[in-house]
Amino acid sequence: MNETVKLVSAHYPCREPLIRKLYQFYGTGDSFPPAVYLYGHTSTGKSSILRTFLPLLKDTKFAILNAIECYTNRILFESIINRLQSHVPSAENGYASLASTDCMKDFVGHLERFDTRFGYVVVLENAERVRDMDHNVLPMLLRLPEVTGLNISVLLVSDLPFEKYYVRTGLSPVIKLFVPEYSKADILTILRNDFPRVQQQLKANVNDMLKFTFRKSGLSDNEIQSKISILDSLTEDFYENYLNIFLSVFFKVCRDLKELQLVSFECYQSYCEPVLNGTIASNDVTKLWRHISKTMKLALSTIYMRMGNVNQELGRPSNTLALEQAPETIEQMQTMKRLAQNLELPFYAKYLLIAAYLASHNAAKEDKRLFMKNHGKQRKRLQSVMAKAKVSEKMATQLGPKSFTVDRLLAIFYAILDDKVGLTCNLLAQISTLVHLKFMIFASGEGTVMEGSARLQCTVGLDFIVHIGKMVGFNVRQYLCDFF
């Protein structure tokens, strides 16, 4: 295996096939492909891999730009030229660009004067924004080697498939590379590789907490060190056991690697509390699971909200490991109420969020009985009576959200809403807003909310949605099959 591929794969262990493909296109020093389209779901490592891979290429200059920032042709063209020539506008040069390019002709003319001994790669993130620019920008970017005579390649990075670009005619063919979502095994591998960093950060937090708390109790440095040494005894197997528990709860709701890394560390601090106190042995997985379950439930309800970390919401000091349990249930209720009150959503968006939760945690076959007035009589059979005698672990609200269609979401929304409101673009846009805020996520058909073919999942928890319901005067529990 090439050294470049080895080096990048060490940082991204689950992306070796993609790295090999990129090396095949750009690492051999031969002519680059005119255009490569790299697409896939958010948080799959597309941009991170390119930022690590491109600096390792020999005799290659590159520019990484975000199409959101380059909202005019001039900004786009001048940014490409500046970065390919390592020119940085500053106070010394009067914040001037290397060249003034007002149109495509000027841009191509400046590129033609570049040194042909080098290869050039232009990376354009959020490339779907280019569709909104002048009609000749995207077709010309895909043909830069032909019009400039340079060994230059444009690497478009986006979350959308390339078929969405076919609204434009005359586009040159591009090489398409799909980056799949991380599987559960991939995420486990990545999180497990973070073990040294997690242990180092955890030890620093615990050390600060012990010195702050126990010096008041008269504990010596030796006693403090003995408690810290307990952390040193925690092995990678202990951390892997924790990750298996963590992913069994969070993987159904969240596939975003960055979010999982943040939340897993905060929950890991709580997971280690009884081991540090000596109340639970490090190999007693059952008791550790019972201890961490309430913390994970709260974290699951607030994973995308970024309204303070889990330890703060449970009444624990920020960035430190608390050594005493707070009254969990009372704290959780107060936390959910506080978060719901601080959430500023439009009136109809709150009802859409409630409808999404009901669709995620009720079976579709129950919709008629729940939301229609004249649904007919239901015969009480022994089988149905026994089915309702559910234990907590088998309740739909505990098993995690199920996917639902946009049509079903809107049907429930109109059933629970007393007001008569038409189906407008504004209403559909509020669904997209809830997806953007991560209160709902795509299970399939991402980006097709307007078409109605997408399947969604609701990510918020029961306590949170109950308080949202109270804000609009709606009893959520009355419409959940688990509670009747």
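**View 1. Helix α16, residues 347-361, end to end.** Let's start with a simple length check in this predicted model. At 1.5 Å a residue, the 15 residues of α16 should span 21 Å, and the end C-alpha atoms lie 22 Å apart, so the two values agree. This helix is also mostly covered, with 13 of its 15 residues buried.

**View 2. The buried residues of helix α8, residues 184-193.** Look here for Ile187, Leu188, Ile190 and Leu191, which are the buried residues of α8. They sit on the same side of the helix, because they cover an arc of only 165° around its axis. The general geometry helps here: an α-helix has 3.6 residues a turn, so residues three or four places apart point the same way.

**View 3. Two cysteines, Cys14 and Cys254.** Are these two residues buried or exposed? Cys14 counts as buried because its relative accessibility is 17%, under the 20% cut-off. Cys254 is buried too, with a relative accessible area of 0%. As for disulfides, the count for the model is zero.

**View 4. The protein chain as a setting for the close-ups.** Stepping back, you will find 22 helices and eight strands in the protein chain. Of its 484 residues, 49% count as buried. The protein chain exposes about 24500 Å², and carbon and sulfur atoms supply 51% of that area. How do contacts spread along the sequence, and what share of them join residues at least 24 apart? Among contacts between residues at least 6 apart in sequence, the share is 73%.

Technical notes:
Residues are numbered from 1 along each chain as its sequence is written. This is a predicted model: local features need pLDDT of at least 70, side-chain atom pairs count only at pLDDT 80 or more; totals for chains, interfaces and linings use all residues. Side-chain values use heavy atoms; hydrogens and water are left out. Buried means under 20% relative accessible area, exposed over 50%, partly exposed in between (1.4 Å probe, protein chains only). Helices (H or I, at least four residues) and strands (E, at least two) are DSSP runs, numbered from the N terminus. The arc is that of the directions from the helix axis to the C-beta atoms. A disulfide is a pair of cysteine sulfur atoms within 2.5 Å. The expected span of a helix is 1.5 Å times one less than its number of residues. Contact means heavy atoms within 4.5 Å. Accessible areas come from the Shrake-Rupley method with a 1.4 Å probe; for residues, only the protein chains shown count as cover.
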